[in-house]
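Me: Please take a close look at one part of this structure and explain, step by step, how its backbone is arranged there. I should be grateful for one connected account, suitable for a first-year student.

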Amino acid sequence: MIGFISYLVFFSTVAAILAIAVLGLNLQWGNTGLFNGGIVASFGAGAYGTLILGGTPQDGHLGGFELFYPLALAGGMAFAGGLAWVVGRLTLRLRHDYLAIATFGVAVAFENVMRNATGVTGGAQGIRGFERPLQNLLGSGFSYNLVFLVAVLAFLALVYVFLERLTVSPFGRLLRAIREDETAARSLGKSPDRVRLAAFVTGSVIIGLAGGLYGTFYAFVSPQDVLPILTFQIWAMLIVGGAGNNRGAMAGAFLIWGAWTFSGWALSRFAPVEAQLYTGSIQFVLIGMVIVGMLLWRPQGLFPERLVVSQPGVDTGNKQRD
Amino acid sequence: MWFLGRVWGRAPGQSMGEPILKLKGVSRSFGDFVAVDRVSLNIRSGSITGLIGPNGAGKSTLFNVIAGDLAPSAGRVVFDEQDISGFASERRFAAGLGRTFQIPRPFKRMSVLENVMLAPLDQDGEGLLAAVLGRARIRAQEAAIRKRALEVLDFVTLHPLADQPAGKISGGQMKLLELARVLMGDPKLILLDEPAAGVNPALTEVLIGKIEELNRDGKTFLIIEHDMDFVMRHCDPVIALAEGCVIFEGTAAEAQSNPVLLDVYLGAPVDA
């Protein structure tokens, strides 16, 4: 029983961290229509940034600045935001699939840099020697994980409230307008470039926060954590949950992470021995099928975007007469 | 062209106001093809000017040059005593130039009301930080914008549809919605691209009524329209383009008896 609860805490922590990343993507894609194919670059920037800034000195790679943890985490987010700003300035003129290709390329380049810039990032060995905050107070057992889960959920709630406020604000309205029709928005005096960049950077900072928390949770990050599959997982979460709906985005994160974990367990348990070697690949196929299936049969997701009226609760003075 | 800079057929001392929009030798080419060839004309303040011409005459190109979607290859666009030739389209709305689209461009997955509330310029809440931090100030501004948006929707008869997704209303209603959005910016000159095309006659009448009402309140209109009947009944003056050049400018009555114009139209029938 304790084992199960302990596992549930572990599962929920990872799912909640991913939910933060999905919320970041929802700002970019769900609200603004920016096809970010390079989520892992922001995620990795947050993780690497946090661990390098907050870790203890190590031979063989950069780091050991031993910054106060909140500063390290903020630094990781700033790193993700800075990278997104540069990438955004270069690529946001691209639209749709072209933007996806460009950002995907950036993410692959990011992974390769992390893998090969050994002196900075520890190469394939990753970043070691990070001590999780408050660890000497709480130990490293169940109680630590529980407190960490609570902290992650608090971050998730904070990001959710922030984004909900943004969604109903005139800024959110502007994002949706640019998503729907940039030419029309331009004709009404709006400047899409500035707004697209703001949404891209903000979303990436949020994804960077998720990455920082992820790195903190494992006290380790390596190039294996920034493989393209993570981008696809996060996309699947948003598509299943419902692009444009923050609650849907969070629900999608828990659902897909649950399905992913369960399928891994089920495959290792029930797949024939000769297929065991390929369970990872089978999972990749499954996640691809989930994305395609959703797009074909329920493109709006499980929780479709709600039509936002900028001040909910105020009567427009009429009932629908149709 | 031999009539460069000359304005055709205008009766001197028209009752209209001063020119609000002046095109000075405006050209636009695509590669070797000259779509608009050194067009010079004035749009008088307070007029409902109709822009006609057969297919391929350069109307849409000229329209897009005025709206800022295309840069002129040569010449100047002067609006309200200001040279706006180099202005991007988003700056032209702020300068007082509103436009609608031939094929309507509503923000489909937004409510009709949201579509209209988007339009006002200089909304404090359009900044990211202000949107999250300055909520009290924005709330007051939003309430004012909302009130005005509902008034404008009421004016264009779309008030009952305020909460509908804009992608779900009819094509004619979308044209009214575009007009409503533009009105939120209180422009001096409104460019309408084929307002009657694909709209049922009842809604066309509504639209015409609104245009004339706005015109009485001092708004200037420049309308591209294929429907000759529409142009002859509601536009004055009428400007005709053919092969990128102005071939006629005058009243609707003059247009109907102008031999050059008749020739162009008889030679290349208009598909209304």
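Reply:
**The backbone at a loop**

Asp122(B) is found in the loop of chain B that runs between helix α3 (112-118) and helix α4 (128-133). This description rests on a predicted model. The phi angle of Asp122(B) is near 55°, a positive value although the residue is not glycine. That sign deserves attention because most residues other than glycine have a negative phi. As for its surroundings, Asp122(B) has 8 C-beta neighbours inside 10 Å, and the cut-off for an exposed residue is 12 or fewer, so Asp122(B) counts as exposed.

Another loop of chain B may be set beside this one. Thr157(B) lies in the loop between α5 (135-155) and α6 (171-183). Thr157(B), which is not a glycine, likewise has a positive phi, of about 65°. Is Thr157(B) exposed, partly exposed or buried? It has 16 other C-beta atoms within 10 Å; a residue is exposed at 12 or fewer and buried at 20 or more, and therefore Thr157(B) is partly exposed.

A further backbone feature concerns a peptide bond. The bond from Asp236(B) to Pro237(B) is cis, and its omega is near 0°. Most peptide bonds, in contrast, are trans. Pro237(B) is placed in the loop that joins α8 (228-234) and β9 (238-242) of chain B.

To return to the starting point, Asp122(B) combines a loop position between α3 and α4 with a positive phi and an exposed setting.

How values were computed: Residues are numbered from 1 along each chain as its sequence is written. Chains are lettered from A and ligands numbered from 1 in the order in which they are written. This is a predicted model: local features need pLDDT of at least 70, side-chain atom pairs count only at pLDDT 80 or more; totals for chains, interfaces and linings use all residues. Helices (H or I, at least four residues) and strands (E, at least two) are DSSP runs, numbered from the N terminus.
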